[in-house]
Amino acid sequence: DVADVDAAGVEQAGCSIAELFERDGEDAFRRMESVQLTRLAQCPQLVSCGGGVVERPENVRLMKQAGFAVFLRAGFDEIWRRIDGDPSRPNAATLESSRALLERRAPLYEQAADACVDVDGASVHDVAMQVRTILQSEGVLVEGEAGRSS
């Protein structure tokens, strides 16, 4: 199974992340993000976390307690190519604000991660295979579990 912290929060809030930021502020979004992470961590599954999840120490503690965290690391140019003009990213509206976010968060991502996979220039398939290899070598994924659908 796969779950997404941001998608679960959007569903709960009944509005987009940008609307939630505007309506209730970033702190409200971060609280909701923590609630969703806590809920999703209760089941064995792949959980995709939003970029700011590492800014709350309690989220990092939960990720370490509940599972194995893999940081999909990308360079700034790759990140900017992916998010430039995306209105769903209220903290990354400009090149400068995006660069500042990455500089602030990069050490937090590194600290939170049990493993890192560099994704610049890699295909989704290659990244998935690297993650799978790491999870198998760490005993987190048993052969035969990958690719199983529910």
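Which residues does valine 117 touch, not counting residues up to four places away in sequence? In the predicted model described here, valine 117 is found in strand β4, which spans residues 115-118. Its contacts, with residues up to four places away in sequence not counted, are Val70, Phe71, Leu72, Arg73, Val127, Gln130, Val131 and Ile134. Valine 117 has a relative accessible area of 1% and is therefore buried, given that the cut-off for burial is under 20%. The C-alpha atom of valine 117 is separated by 24 Å from that of threonine 38, a residue 79 places away along the chain.

Phe71, one of the residues touched by valine 117, also takes part in an aromatic pair with tyrosine 109. The structure holds 3 aromatic pairs. A pair of aromatic rings is described by the distance of the centres and the angle of the planes. For phenylalanine 21 and phenylalanine 29, the ring centres lie 5.2 Å apart and the planes stand at 45°, so this pair is tilted. Both phenylalanine 21 and phenylalanine 29 are buried. The rings of phenylalanine 71 and tyrosine 109 have a centre separation of 4.9 Å and a plane angle of 35°, so that pair is likewise classed as tilted. This second pair links distant parts of the chain, since phenylalanine 71 belongs to strand β3 (residues 70-73) and tyrosine 109 to helix α6, with the two positions 38 residues apart in the numbering. Phenylalanine 71 counts as buried because its relative accessibility is 13%, and tyrosine 109 counts as buried because its relative accessibility is 15%.

Helix α6 (95-112) also serves as the packing partner for the buried residues of α5. In helix α5, which covers residues 76-83, the buried positions are Phe76, Glu78, Trp80 and Ile83. Just after α5, glycine 85 adopts a positive phi of about 85°.

Helix α3 packs with three helices described in turn below: α1, α2 and α4. Helix α1 (residues 5-13) and helix α3 (residues 26-40) pack at an angle of about 115°, and their axes are 9 Å apart. This angle makes α1 roughly perpendicular to α3. The crossing of α1 past α3 is right-handed. On the α1 side, the contact is made by Val5, Asp6, Ala8, Gly9 and Gln12, while α3 contributes Phe29, Met32, Glu33, Gln36, Leu37, Arg39 and Leu40. Sorted by class, the residues in the contact of α1 with α3 are 6 nonpolar, 3 polar and 3 charged. Glutamate 11 also lies in α1; it counts as exposed because its relative accessibility is 69%. Glutamate 11 and alanine 92 are 81 residues apart in sequence, and the C-alpha to C-alpha distance between them is 22 Å.

The axes of helix α2 (residues 17-24) and α3 come within 7 Å and cross at roughly 125°. The two helices α2 and α3 are therefore oblique to each other. In this contact, Ile17, Leu20, Phe21 and Asp24 of α2 meet Glu26, Ala28, Phe29, Arg30 and Met32 of α3. The class composition of the contact of α2 with α3 is 6 nonpolar, no polar and 3 charged residues. Among the participants, Phe21 and Phe29 are the partners of the tilted ring pair with centres 5.2 Å apart.

Helix α3 and helix α4 (residues 57-66) pack at an angle of about 10°, with a distance of 10 Å between their axes. Helices α3 and α4 are therefore roughly parallel to each other. The contact involves Glu33, Ser34, Leu37 and Thr38 of α3, together with Glu58, Asn59, Leu62 and Met63 of α4. By class, the contact of α3 with α4 comprises 3 nonpolar, 3 polar and 2 charged residues. Glu33 and Leu37 are listed here and also in the contact of α3 with α1.

Arginine 30, which lies in helix α3, is a charged residue with a relative accessible area of 8% and is therefore buried. Apart from residues up to four places away in sequence, arginine 30 touches Phe21, Gly52, Val53, Arg56, Asn91 and Arg105. One of these residues, Phe21, is also among the α2 residues that meet α3.

Note on methods:
Residues numbered from 1 in each chain as written. Predicted model: local features only at pLDDT ≥ 70, side-chain atom pairs only at ≥ 80, totals over all residues. Heavy atoms only, no water. Axes fitted to C-alpha atoms, helices over the stretch in contact; angles between N-to-C directions. Helix = DSSP H or I, 4+ residues; strand = E, 2+ residues; numbered from the N terminus. Parallel < 35°, antiparallel > 145°, perpendicular 65-115°, else oblique. Left-handed = near helix turned anticlockwise from the far one by under 90°. Contact = heavy atoms within 4.5 Å. Buried < 20%, exposed > 50% of the residue type's maximum accessible area, 1.4 Å probe, protein only. Phe/Tyr/Trp six-rings, centres within 6.5 Å; stacked < 30°, edge-to-face > 60°.
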